[in-house]
Every structure is written in structure tokens, then in C-alpha cells.
Amino acid sequence: MIPKSSSSRWYERSVLYQVYPLSFADSNSDGFGDLKGVISHLDYLNDDTPESLGVGAIWLSPVFKSPMADWGYDISDYNQIDPKFGDISDLDILVFEAHKRDIKVLLDLVANHTSSEHPWFKASRSSRTDPKRNWYIWADPKPDGMPPNNWLSRFQGPAWTLDEHTGQYYMHTFLSQQPDLNWRNADVRQAMGKMMNFWLERGIDGFRADAVTSLLKDAQLRDDEPNPEYRPGTDEPSERNIRTRSEVRTESVDIITTFCEIMSKSGDKLLVSEAYLDIPGMQELYRACDDHPLHAPFNFNLIGLGWSAAGFRSFIDEYEASMRPEDIPNYVLGNHDRSRVVTRVGYDRARLLAMLQLTLRGLPVIYYGEELGMTDIDVPPKQQRDINSVTSQGEGRDGVRTPMPWSTDDVITTTDINWLPKGINSGQLSVENQTTDPQSMLSFYRHLIHLRQTLIALHRGSYRSLQTSDPDVYGYVREDGLQKCYVFLNFSPSPSSVSVGRIGRWIAGTHLVDGDGETLEIPELTLEGYEGRLYELRRGEKL
Ligand code: GLC
């Protein structure tokens with residue numbers, strides 16, 4: 001059994017909700033979401049009643065000044081808000097209003113690279129002797145004029161672009177408009193630390209750190225190894241090599257340690273870092289902040305897991321077993337880079353996964369619109385915005401970033417001004433349409449989040465998986481002192497039965513249930529296809 005965590009840090013009983021500001025809510029009808037839009041919907045996120053979603057923290061994808069080559073992930077001024085989103089006073093108001101509602105606010109920390117429009121890069125590229133030259137990664141061409149090594153951009157082509165003016169190449173893990181900072185340079189570290197403090201002092205509660213495994217690269221710029229499993233024509237061209245040198249994870253981990261040191265001086269903060277890693281890899285990142293345990297690497301593994309009760313159980317058991325008491329487990333089903341969960345697995349399975357995510361230990365992370373069952377939208381070529389769609393290299397991400405549907409009138413019109421089109425099913429999926437329907441996805445999320453906050457066993461209880469008599473059913477118990485919560489999830493499309501016993505009262509589930517609410521003990525439980533159920537048992541309780 002996993003010991004429960006010893007302390008009571010705020011993020012141990014919260015749900016983290018990713019707001020993608022460009023699409024969340026548009027207050028001035030210019031087609032782009034903005035900070036005032038987010039402020040106007042804070043009550044939706046948490047108004048301290050079970051009628052709101054009840055999230056305890058939001059993470060805003062970047063809202064800083066940016067030419068928007070990568071929609072905010074190319075920052076040209078870390079200390080200013082991009083006019084598309086409003087200004088710094090809007091952010092101050094957002095933080096103030098969020099805190100009034102007990103919502104913490106995390107900003108995106110894009111530390112690996114800046115925009116090529118950032119004054120640092122402009123200075124750096126101005127001459128080989130500029131004091132900022134070494135803030136970025138520059139190298140001479142090979143004798144034949146080709147890039148210095150075989151490193152590939154994660155988006156397209158080589159990770160190097162020639163700067164004609166100074167005759168050297170600069171390195172970029174992503175777009176050429178996103179030059180990588182040189183984290184081996186102490187001045188860069190200092191400048192970024194200063195920037196973090198700037199926001200921490202304004203009262204934000206933490207950061208989501210972008211692309212952390214890329215922060216440091218081989219100092220000698222040696223070639224990456226070829227990927228023996230690469231299938232030309234099938235895999236992304238950017239996967240031709242294994243990033244053995246263009247990403248030196250073990251060294252990048254030290255930078256996360258410095259992030260934690262900076263943040264630990266500002267009180268009770270949270271750092272969540274973006275790294276697509278297996279369990280040992282995640283452990284390496286957790287250990288980066290042992291002295292200041294305020295950090296968790298996102299656990300993206302559920303996104304790619306094959307669909308089986310046994311597979312989910314064994315992954316989660318192993319992940320749980322790898323945790324030390326101070327570690328914060330977390331579960332992610334989607335984000336602005338990945339296909340939406342309903343599109344990947346279908347509506348019924350997505351509902352089951354929501355139940356799993358919201359009844360496990362730690363920090364569930366919800367991508368805006370997951371709570372409505374939003375799907376990927378097919379964005380017509382003329383309306384595509386993501387560089388990855390526009391260049392038809394790699395998978396475009398526009399379809400997972402479409403506007404949040406708030407009202408039933410949210411239907412497509414010919415005069416649509418949104419930066420990305422709404423989905424055809426927007427009105428139907430809208431908050432307005434789902435809000436009073438007790439069976440809707442939104443009501444389901446609200447109910448489970450509310451239960452998670454009110455039931456001690458769910459927000460801080462231990463986790464133990466159960467041996468069930470049917471391999472299609474994944475069962476586990478969450479326990480804290482006098483309270484136990486039993487969860488049973490049927491991964492099969494057909495009904496499944498499991499022997500149970502004293503599991504308490506049915507309190508929530510993916511399906512409506514008759515008659516079980518008053519039973520404490522049942523010999524056998526029959527679940528419909530893709531049905532999930534939550535039972536609560538209090539020690540010594542009798543009917
Ligand atoms: C991260 C972001 C992604 C962005 C990239 C470059 O992976 O999630 O959206 O394009 O970093 O900043």
C-alpha cells in the first residue's frame with residue numbers, strides 16, 4: 001500500500017485546468033480569446049459551489065508578447081502581456097479574482113527558446129562579438145557549408161538556420177523563429193531567474209515549464225544517433241534520429257533544480273514540467289527537486305496506453321509504487337498538442353477515463369473542453385493556423401485548439417470571426433446546453449470533482465488496486481482512516497460481473513444506477529459496457 005502524503009500542500013487536493021487563452025473566451029470579439037474573457041468565466045471554473053467545475057488551479061498557455069509564429073510559444077518579451085490578450089493589469093486582476101475563488105494561477109515558462117524577435121536574439125545575431133552572442137547556440141558551418149551537425153528540429157528540417165549576416169548557424173529545437181537559449185551561459189540563467197521572480201512577485205502560484213528535456217544539449221555539438229526503428233514515410237521526419245546529443249536530459253535536470261530553488265523562496269508554489277517520459281524518466285525529474293519538493297513532471301503516459309484494464313492497472317500500480325511520499329502523482333488525458341481524448345478513444349471510454357483520472361491520487365490535469373467532451377475539429381486548409389498544418393509537415397494541432405463553446409447559439413456562421421473555426425457540434429456541446437442536464441459530461445466532471453474535494457479518501461487517501469474476478473474490470477480502493485472509496489471500471493464494451501462484498505454505497509458513476517444507493521454489501525457487481533462506479537464505505541457503518 002502506498003503511504004499517504006505527509007503534508008497538505010494545496011495541489012494535493014486540486015484539479016489543474018489548462019486554459020488555452022486564444023480559445024477560451026473572447027471578451028472584445030476580435031476573434032482571439034483574452035484575459036478579460038478568462039476573468040469573466042472564473043465562476044464557471046470555481047464559484048465555491050458544486051454548480052461550478054471546482055478546479056483549484058489554472059495553467060495559462062503563454063500570454064506574453066509574441067509574434068505568434070508558434071501561437072505564444074515564441075516570446076519576444078517575457079515581462080509583457082501580448083496586446084491580443086490584454087495588458088499586465090488584466091493579468092493582475094485575473095490573479096486577484098482567481099485567488100478570491102480559491103483558484104491558483106500558473107503561467108507557462110518557455111525557457112528553452114525565445115522568439116527570434118526577442119531583443120536578446122536581435123542583439124545576439126547582430127555580430128559575432130556582441131555581448132549577447134553567447135546567449136544562444138551558434139556554430140560554424142561544415143566545410144561544405146552544411147549545418148554543424150545532424151540535429152533535427154522537432155517541427156521540420158534541420159535544427160539549424162544559417163544567419164547570412166554573421167556566417168554562422170543558430171540552433172532551434174522547434175521553428176527557426178524560436179532560437180534556443182544557451183543554458184550553459186550563467187547570464188542566461190540569471191536573466192531567466194529574474195524573469196521568474198518578476199512573475200512570482202506579482203503573486204502567481206507557479207509555472208508549467210515547457211520542453212524541459214531540451215534545455216541542455218551536448219556541449220561539443222556531436223551528432224545524434226540514427227533511430228534504428230525509424231520507418232521512412234510513416235514516422236515523422238523529425239524522428240529520424242534519437243536525441244542522444246541534441247537533448248542531454250541528465251544535465252537539463254539540474255536546471256529544473258534551479259527552478260525549484262528559485263520558487264521555493266516564494267512560498268507554496270508548484271512547478272509542473274513538460275516531458276514525455278516513462279516511469280524511470282519521470283522519477284529522474286521528480287528527484288531534481290528533492291530539496292524543494294514542489295515539482296512534478298506531467299505524466300502523459302495514459303495518452304498512449306493500449307486499451308485494457310490490465311494495462312492501465314499495471315501502469316498505474318507501477319507509477320504509484322515509484323512515488324515517494326512527497327511526490328505528486330498526476331494524470332493528463334490531453335493538451336494543446338495532442339488529439340482530444342474523445343476523438344482518440346470515443347465518448348464512452350473518455351467518460352470512463354475521466355472517472356479514472358478524477359478518482360486517482362494526486363493532481364488530475366484537465367485540458368479546457370475535456371469536461372464538455374469536445375472533439376478534434378477538421379480545420380479546412382484555408383483556416384489553418386498551426387505551422388505544422390500549414391507546412392503539411394507533421395500533425396497540425398489546430399483541431400484541438402478550437403474555441404470553447406459557451407452557449408447554445410455557438411453555431412457556425414459565415415461571418416465567424418474566431419481565429420479558428422468552431423466545431424459543427426459546438427452548440428450541442430456548449431456549457432449552456434450541458435449545464436442542467438444531470439447526465440451530461442459537464443455534470444459528470446462537476447460531480448466527481450466535487451466528491452474529490454469533499455471525500456478525504458479521494459483527495460488524500462492511499463491507493464491500492466484490487467484483484468478482480470473479471471480481467472476487463474479494473475478496481476481499486478482509496479482509503480483514509482475511517483473512509484474507503486471503491487472504484488470499478490469496466491474496460492469492455494459488454495457487461496462484466498465481479499465478485500465484491502462490503503464496498504459501501506454507490507455514490508457516483510458513468511451510468512445511472514437504480515437501487516444500489518442504500519446497499520453496503522453485495523456479493524456481485526454487474527457493470528454495463530464501459531461503466532464505472534464509485535462506492536463509499538465508512539468504517540463501522542451500518543444501515
Ligand atoms: C511545447 C508546447 C508546444 C510548443 C513547443 C515549443 O511542446 O507544448 O505547443 O509548440 O513546446 O515551444
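The following legends describe close-up views of a predicted model.

**View 1. Surroundings of the ligand in the predicted model.** The ligand is surrounded by 13 residues. The closest of them are Asp70, Asp210, Glu274, His336 and Asp337. Sorted by class, this shell comprises seven charged, three polar and three nonpolar residues. The space that the ligand takes is the largest pocket.

**View 2. Polar side-chain atoms of Asp70, Asp210 and Glu274 beside ligand oxygen atoms.** In the side chain of Asp70, an N or O atom is 2.5 Å from an oxygen atom of the ligand. For Glu274, the distance between a side-chain N or O atom and a ligand oxygen atom is 2.8 Å. Asp210 places a polar side-chain atom 2.9 Å from an oxygen atom of the ligand. The ligand taken alone exposes 300 Å², of which the protein buries 95%.

**View 3. An open sheet of three strands.** The strands follow the order S6-S8-S7, and their pairing is antiparallel. Strand S6 (138-139) and strand S7 (160-163) each have a single partner strand and stand at the edges; therefore one side of each is left without a neighbour in the sheet. Strands of a sheet pair through backbone hydrogen bonds, in either a parallel or an antiparallel manner.

**View 4. Pairing of strands S6 and S8.** Strand S8 spans residues 168-171 and pairs with S6 in the antiparallel sense. Two bridges make up this pairing. Trp138 stands opposite Tyr170, a residue in S8.

Definitions and conventions. Residues numbered from 1 in each chain as written. Predicted model: local features only at pLDDT ≥ 70, side-chain atom pairs only at ≥ 80, totals over all residues. Heavy atoms only, no water. Pairing = 2+ DSSP bridges. Helix = DSSP H or I, 4+ residues; strand = E, 2+ residues; numbered from the N terminus. Near = heavy atom within 4 Å. Polar contact = N/O pair within 3.5 Å; in protein donor to acceptor, adjacent residues only side chain to side chain. Areas by Shrake-Rupley, 256 points an atom, 1.4 Å probe, with all protein chains shown as cover. 1 Å grid on protein atoms, 1.4 Å probe; cavity = no way out; pocket = protein on both sides within 12 Å on 5 of 7 lines; lining within 4 Å. Sits in = over half its atoms within 2 Å of the grid points. Nonpolar A, V, L, I, M, F, W, Y, C, P; charged D, E, K, R; others polar.
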